[in-house]
Every structure is written in structure tokens, then in C-alpha cells.
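Please find below a short note on the structure, set out as numbered points.

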Amino acid sequence: MIQICEAEDIEILKGVVSSDHIHMHIEYAPKLSVSYIVKKLKGRTSRKMQQEFPRLSYRYWGKHFWASGYGVWSTGNVTDDIVNEYLEHHRIDDSDDSNFILE
């Protein structure tokens, strides 16, 4: 995810990786659409995961690795602080202050 975001000039402000989903707070250029970003992230990570773990290819061959939908919070009425507080809620180890949280 980090490499994909760097290649697309997307800044990850904070992220949470859970066992069955991922939350990301990102900044990106207005020329990029959310659907384009999600498509890149899902496509490349699915391919990489199936290359790294060949058993996944058998299970998901011809099927989608990720669910087809995604949720987006626009920061119109939701402040960055509220988003970060929501993501921090998932942190298990208080000693780690990295921008990516493994749940």
C-alpha cells in the first residue's frame, strides 16, 4: 500500500490494517478520483498477495480477492482530528506511534 501510494503521489496520513478490512486517511491531488485510487490499491495488492501466497490464487481464482465496495468519508463536516481519533481507537499497542496501525 505504501509503495502504491508513493507511486501515485498519495500521502498516507494514518492507516489501520485489520484482519478483514483496511482504513486509510489519505491526501491526494484533486486530479485523482477516489474510485481510481481504490481500484489501484485493490488491484495491485490483490495481485501481490496472490503472488506472495500462491494458495490464495487457488481459492480466489476467477473471483475477487477484495469486496467490490468501499466507504469514503469526505472531510467536509468531519475534521482531520475526528478521523485520526477514530483510527487511533484501533491501536492496540500505545508505545507504537507509526502512521500505520496493525490491529
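1. The model is predicted, and the note starts from one histidine. His25 is buried, because its relative accessible area is 7% and the cut-off for that class is under 20%.

2. His25 belongs to strand 2, which covers residues 22–27. Leaving aside residues up to four places away in sequence, His25 touches Glu11, Ile12, Leu13 and Lys14, and also Asp80, Val83, Asn84 and Leu87.

3. One of these contact partners, Glu11, is located in strand 1 (residues 11–17). Glu11 counts as partly exposed, because its relative accessibility is 44% and that class lies between 20% and 50%.

4. Glu11 also takes part in a negative surface patch, together with Glu27, Asp80, Asp81 and Glu85. Which helix gives the most to the negative patch? The answer is helix 4 (residues 80–88), which provides 3 residues. Both Glu11 and Asp80 of this patch are in the list of residues that His25 touches.

5. Turning to the fold, the protein chain contains 4 helices and 3 strands. Their order along the sequence is α-β-β-α-α-α-β. Of the contacts between residues at least 6 apart in sequence, 52% join residues at least 24 apart.

6. As to burial and surface, the protein chain has 103 residues, of which 25% are buried; His25 is one of the buried residues. The accessible surface of the protein chain is about 8,000 Å², and carbon and sulfur atoms account for 52% of this surface.

Notes
Residues are numbered from 1 along each chain as its sequence is written. This is a predicted model: local features need pLDDT of at least 70, side-chain atom pairs count only at pLDDT 80 or more; totals for chains, interfaces and linings use all residues. Side-chain values use heavy atoms; hydrogens and water are left out. Helices (H or I, at least four residues) and strands (E, at least two) are DSSP runs, numbered from the N terminus. Buried means under 20% relative accessible area, exposed over 50%, partly exposed in between (1.4 Å probe, protein chains only). Contact means heavy atoms within 4.5 Å. Accessible areas come from the Shrake-Rupley method with a 1.4 Å probe; for residues, only the protein chains shown count as cover. Patches are made of residues with over 30% relative accessible area and no salt bridge: like charges are joined within 9 Å, nonpolar side chains (Val, Leu, Ile, Met, Phe, Trp, Tyr) within 5 Å. A salt bridge is a side-chain nitrogen of Lys or Arg within 4 Å of a carboxyl oxygen of Asp or Glu. Lys and Arg count as positive and Asp and Glu as negative; His and the chain ends are not counted. The place of a charge is taken as NZ of Lys, CZ of Arg, CG of Asp or CD of Glu.
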